[in-house]
Amino acid sequence: MVDLKSQYQHIKEDIDAGIQEVIDSAAFVKGKKVAEFQEHLASYLGVKHVICVGNGTDALQIALMALGLKPGDEVITPTFTFIATAEVVALLGLTPVVVDVDWETMNISIDSIRRSITPRTKAIVPVHLFGQCANMEGIMEIAREYNLKVVEDACQAIGAEYSFADGRTAKAGCIGDIGCTSFFPSKNLGCYGDGGALFTNDDALAARISAIANHGMVERYHHDLIGVNSRLDSLQAAVLDAKLKHLDEYTSARRGAAAYYDKAFAGNENLLIPGHEPHSTHVYHQYTLRVIGWDRDALKDKLAQHGVPAMVYYPVPLHLQKAYHDPRYKEGDFPVAERLVKCVLSLPMHTELDEEQLEYICRTVKGEW
Ligand SMILES: *Cc1c(COP(=O)(O)O)cnc(C)c1O
């Protein structure tokens, strides 16, 4: 699904030098490399503050803590996503309220959000699924109307750009109150271990986030808030700083592969190519087909037999996960998500796909071998 070995070979010198520099400095935690990377990423994204933490899940948790949400507060999030979003909501004693998604973009549905708002709703956590922004214009409008906080889960969409009706543009994660991302190795900007970050334009929130990520400490050994211990180490920052320079090039490579797939599968009555959110660019964290004519699982097995990996992201919606069983929800409540989990299939998507590989993958999907 990804080829991190070949990617490393192309930037080996830069990565190795960055890592060596950290080892020579012996500043493994809270070293200057992390501060440098935060500055570079903030300037790339056009956001005031980037605060790095241990992983993307921590970023989401810290975001909700920084917003001062209280047990019982309702947080709206899509039912078709990775589990982390609902997990941190539940861990903090907040109430996850799941909503359906859009069939074309697979992102959170605005109508579904509107229908789910109650007097206890305090925040929305949209997920920019598979690499394109959710409808942020619609989400920010609802947030203003009901005075809700917005935490963007941009773990899959770093670098995607959203255009508002008034002509303003902003990068994924830099629109709501706080944006979160993950640097898990297979993410679009991945390190060589775990990592994550929060983005915000709000100075006071940035200060709270930094404190919470560091045991709630504002002044050394003075703890004003209950916090956690979550930090990016300097070795990972060195890797990320080297890779950030190539992020646009990596995104172009992903878009090239996606365009190849689109062309190969357009008009095929058994497959639907990914739909586009009209106001967002796509950075293709995943290239996800909807298999409508064929049996999805049989196609996946057939691909595996011919050496083509394919994955089902995600096979079970949140409201049907055992740990999140909630009498408010039952099968049939979110028909789009329930249909998607049965038909989605993600193809190999990374920065090193060449034409020969793409051709082989497409021919195999179409049964031409
Ligand atoms: C990867 C991911 C996360 C979690 O990131 P980790 O760094 O693995 O904790 C959260 N949300 C989404 C949508 C993700 O893809």
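Start by selecting Lys 33, which at 12% relative accessibility counts as buried, where buried means under 20% relative accessible area, exposed over 50% and partly exposed in between, with a 1.4 Å probe and protein chains only. Keep Lys 33 in view and add Asp 241, because at 9% relative accessibility this residue also counts as buried. The two side chains meet in a salt bridge, 3.8 Å from N to O, a term that asks for a side-chain nitrogen of Lys or Arg within 4 Å of a carboxyl oxygen of Asp or Glu. The pair links distant parts of the chain, with Asp 241 in helix α8 and Lys 33 in helix α2, 208 residues apart; helices here are DSSP runs of H or I with at least four residues, strands are runs of E with at least two, and both are numbered from the N terminus.

The model is predicted, so local features need pLDDT of at least 70 and side-chain atom pairs count only at pLDDT 80 or more, while totals for chains, interfaces and linings use all residues. Residues are numbered from 1 along each chain as its sequence is written, and side-chain values use heavy atoms, with hydrogens and water left out.

Next, select Asp 14 and Lys 245, which form a salt bridge whose closest N and O atoms are 3.3 Å apart. Asp 14 lies in helix α1 and Lys 245 in the loop between α8 (234-244) and α9 (247-265), so that this pair, 231 residues apart, also links distant parts of the chain. Asp 14 counts as partly exposed at 35% relative accessibility, whereas Lys 245 counts as exposed at 60%.Then move to Asp 326 and Arg 328, whose side chains meet in a salt bridge at 2.5 Å, N to O. Asp 326 counts as buried at 15% relative accessibility, and Arg 328 counts as partly exposed at 40%. Elsewhere, salt bridges that share partners join Glu 21, Lys 32, Lys 33, Glu 36 and Asp 241 into one network, and a search of the whole structure finds 16 salt bridges.

For the helices, select residues 56-66 (α3) and 203-213 (α7), whose axes come within 9 Å and cross at roughly 120°; axes are lines fitted to C-alpha atoms, for helices over the stretch in contact, and angles run from 0 to 180 degrees between N-to-C directions. The two helices are therefore oblique to each other, given that angles under 35 degrees count as roughly parallel, over 145 as roughly antiparallel, 65 to 115 as roughly perpendicular and the rest as oblique.

Finish at Val 53 in strand β1 (residues 49-53), which counts as buried at 0% relative accessibility. Its C-alpha atom is separated by 9.1 Å from that of Ser 210, 157 residues apart along the chain.
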